[in-house]
Structures are given as C-alpha cells and as structure tokens.
Amino acid sequence: MSAGPDNRPNILEKTLAAAVQDQRTVDEQRRSTVPLLDGMSFYDSIRHDDDRGSVTELFDPRWGWHADPLVFSYIFTIRPGMAKGWGLHKLHEDRYFVIGGELELVLYDPRPESSTCGKVCKVYLSASRPRLVNVPKFVWHADRNIGTTDAVVVNFPTIQYDHSSPDKYRLPLDTDLIPYSFGNTTGW
Ligand SMILES: Cc1cn([C@H]2C[C@H](O)[C@@H](COP(=O)(O)OP(=O)(O)O[C@H]3O[C@H](C)C(=O)[C@H](O)[C@H]3O)O2)c(=O)[nH]c1=O
C-alpha cells in the first residue's frame with residue numbers, strides 16, 4: 001500500500017480497494033433490467049394531474065396487455081409493517097395495481113417447466129409509478145407493506161372469486177420451503 005506525502009496511508013486507495021462497483025441495473029431507455037419470472041410483465045399507466053387533482057386509468061382491455069379478459073375486481077389492503085403470504089393460485093393469475101402506499105411483491109417460481117424455476121423475484125410497487133403487474137399461476141407470492149400508510153391494491157384476477165372453493169393455497173410467511181426471509185415481519 002502506498003503512503004501519502006506525510007507518510008499517512010493512502011485512504012483513497014485503501015477504501016477503493018475494498019469497494020464494489022455497481023453492476024448495470026437499467027438499459028439504454030433507463031428501464032430496469034432486473035429479471036422477471038416467466039410469464040410476468042408490467043403495463044405502465046399514466047397519471048394526469050391538473051389543479052383539481054388527478055386521473056389514472058387502471059385497466060383497459062384495449063391496451064392488449066394481458067391475454068385474459070377483465071372479469072372481476074376487488075381491493076385489498078395491507079397495514080404498515082404487515083405482509084400477506086405466501087399464496088399461490090392454480091387456476092388464475094392476479095393482476096395488481098397499487099393505488100396507495102408502497103408494496104414489496106416477492107415471487108418464487110416453483111414451476112418445473114419454467115426457465116426461471118427456483119428463482120426469486122422482487123418488485124416494488126407504489127402509486128408514484130402507476131402500473132399493472134401480473135402474478136402467473138403456480139407462482140408463490142407474498143406482499144409486504146414497506147410504507148407508513150396502508151398499502152391499497154386493486155386486483156383484477158383472471159377469474160371470479162369462488163366463495164365455495166377458493167383458488168388459494170398457502171404456506172406460512174417464514175417457511176423453509178421458500179428461499180426468502182421477511183425477517184421479523186408478521187403476517188399470513
Ligand atoms: C379475494 C376475495 C376474498 N373474499 C373473502 C374471503 C376471506 O374471508 C376474506 C379475505 O380473503 P383472503 O384471505 O383470500 O385475502 P388475502 O389473503 O388478503 O389475499 C389478498 O392479498 C394477497 C396478497 C393476494 O395475493 C390475494 O390475491 C388477495 O386476495 O375475503 C371474498 O369474499 N371475495 C374475494 O374476492
């Protein structure tokens with residue numbers, strides 16, 4: 001290690017030797033290059049602001065974003081510090097649009113035929129970037145509120161809710177079967 005003019009160790013050299021350079025995370029269009037799971041995609045909406053407030057379209061089948069029709073919709077919320085998960089659907093996809101608060105959506109792909117089998121994917125959703133995201137069938141997913149207010153999500157699942165036989169399979173949030181930990185966060 002070289003020394004500075006008065007024999008002090010070169011701090012710049014020492015700290016930089018221990019530093020790690022960021023890897024690329026966005027493409028030329030400044031879009032995230034973080035890989036999604038097979039079958040996942042986003043659709044960006046647009047928030048229109050004026051002096052009275054704002055308008056944001058949530059879902060229009062004419063966008064051609066998703067192959068399945070719009071058949072059902074509901075809102076769910078998650079309180080600050082809480083998570084919902086893990087859950088999996090066999091018959092339908094979730095299609096989320098976060099309209100309030102901040103959400104971390106974590107997905108784990110157990111599908112044997114998928115090119116992303118065994119991968120964990122994490123995306124961040126909030127009203128400041130209005131967009132839809134889908135959760136493919138047979139993908140474990142959990143949602144954690146990472147904000148300080150309720151996270152408010154509109155879901156447009158691809159089938160109507162069957163109250164007599166819900167298409168929902170659960171694992172506990174702290175299961176060893178999924179290689180992701182939410183630490184001390186509580187939920188189910
Ligand atoms: C979805 C639904 C539920 N319910 C009833 C059934 C239960 O008595 C109660 C709570 O339902 P559930 O425990 O399924 O909700 P969450 O576990 O909060 O699930 C929600 O949040 C997680 C993160 C998701 O990924 C789900 O897609 C989303 O539904 O509402 C209905 O009556 N109609 C409905 O459409």
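Visitor: Where does Arg62 lie?

Guide: Arg62 lies in the loop between strand E3 (53-56) and E4. Keep in mind that this is a predicted model.

Visitor: Why is Arg62 called exposed?

Guide: Count the C-beta neighbours inside 10 Å. Arg62 has 5. A residue is exposed if the count is 12 or fewer. Therefore Arg62 counts as exposed.

Visitor: How far apart are Arg62 and Asp174?

Guide: In sequence, 112 residues separate Arg62 from Asp174. In space, their C-alpha atoms are 40 Å apart.

Visitor: How many helices and strands are in the chain?

Guide: The chain has one helix and 13 strands. In sequence order, the helix comes before the strands, as the pattern α-β-β-β-β-β-β-β-β-β-β-β-β-β shows.

Visitor: Why is the chain called more spread out than a compact globule?

Guide: Set the value against the rule. For 188 residues the globule rule gives 16 Å. The radius of gyration of the chain is 21 Å, well over that, so the chain is more spread out than a compact globule. Along the principal axes, its C-alpha atoms fill a box of roughly 80 × 50 × 30 Å.

Visitor: What share of the residues is buried?

Guide: The share is 20% of the 188 residues. To be counted as buried, a residue needs 20 or more other C-beta atoms within 10 Å of its own.

Visitor: What makes E2 and E3 a pair?

Guide: Pairing takes at least two bridges. Four bridges join strand E2 (residues 47-50) to E3, and the two run antiparallel. Arg47, for instance, has Thr56 in E3 as its bridge partner. A hairpin of two residues links E2 to E3.

Visitor: Which strands form the open sheet, and in what order?

Guide: Five strands form it, in the order E1-E9-E6-E11-E4, with antiparallel pairing. From one strand to the next, the twist averages 25°.

Visitor: What makes E1 and E4 edge strands?

Guide: Strand E1 (42-44) and E4 each pair on one side only. That is what an edge strand does here.

Visitor: How do you know that E1 pairs with E9?

Guide: Count the bridges again. The cut-off is at least two. E1 and strand E9 (residues 131-135) have three, in the antiparallel sense. Asp44 stands opposite Arg131 in E9.

Visitor: How many bridges join E6 to E9?

Guide: Four bridges join strand E6 (residues 94-100) to E9, and they run antiparallel. One residue to look at is Arg95, whose bridge partner in E9 is Asn134.

Visitor: What joins E4 to E11?

Guide: Five bridges join E4 to strand E11 (residues 151-155), again running antiparallel. Phe76 has Val153 in E11 as its bridge partner.

Visitor: Which residues surround the ligand?

Guide: Phe76 is one of them. The others are Tyr74, Lys84, Gly87, Asp94, His141, Asp143, Asn155, Tyr161, His163 and Lys168. Strand E4 (74-78), strand E5 (82-88) and strand E10 (140-145) each give two or more residues to this shell.

Visitor: How many residues of each class does the shell have?

Guide: The shell has three nonpolar, four polar and four charged residues.

Visitor: Which residues does the UniProt domain annotation cover?

Guide: The annotation covers residues 48-169. The unreviewed UniProt entry reads "domain: Capsular polysaccharide assembling protein CapF C-terminal". In the model, this span is 0% helix and 47% strand. Its end C-alpha atoms lie 38 Å apart.

Key: Residues are numbered from 1 along each chain as its sequence is written. This is a predicted model: local features need pLDDT of at least 70, side-chain atom pairs count only at pLDDT 80 or more; totals for chains, interfaces and linings use all residues. A residue is near a molecule or strand if its C-beta atom, placed from the backbone, lies within 6 Å of it. Ala, Val, Leu, Ile, Met, Phe, Trp, Tyr, Cys and Pro count as nonpolar, Asp, Glu, Lys and Arg as charged, and the others, Gly among them, as polar. UniProt positions are given in the numbering used here, feature names are shortened, and annotations may be inferred rather than shown by experiment. Axes are lines fitted to C-alpha atoms, for helices over the stretch in contact, and angles run from 0 to 180 degrees between N-to-C directions. The radius of gyration is taken over C-alpha atoms; the globule rule is 2.2 Å times the number of residues to the power 0.38.
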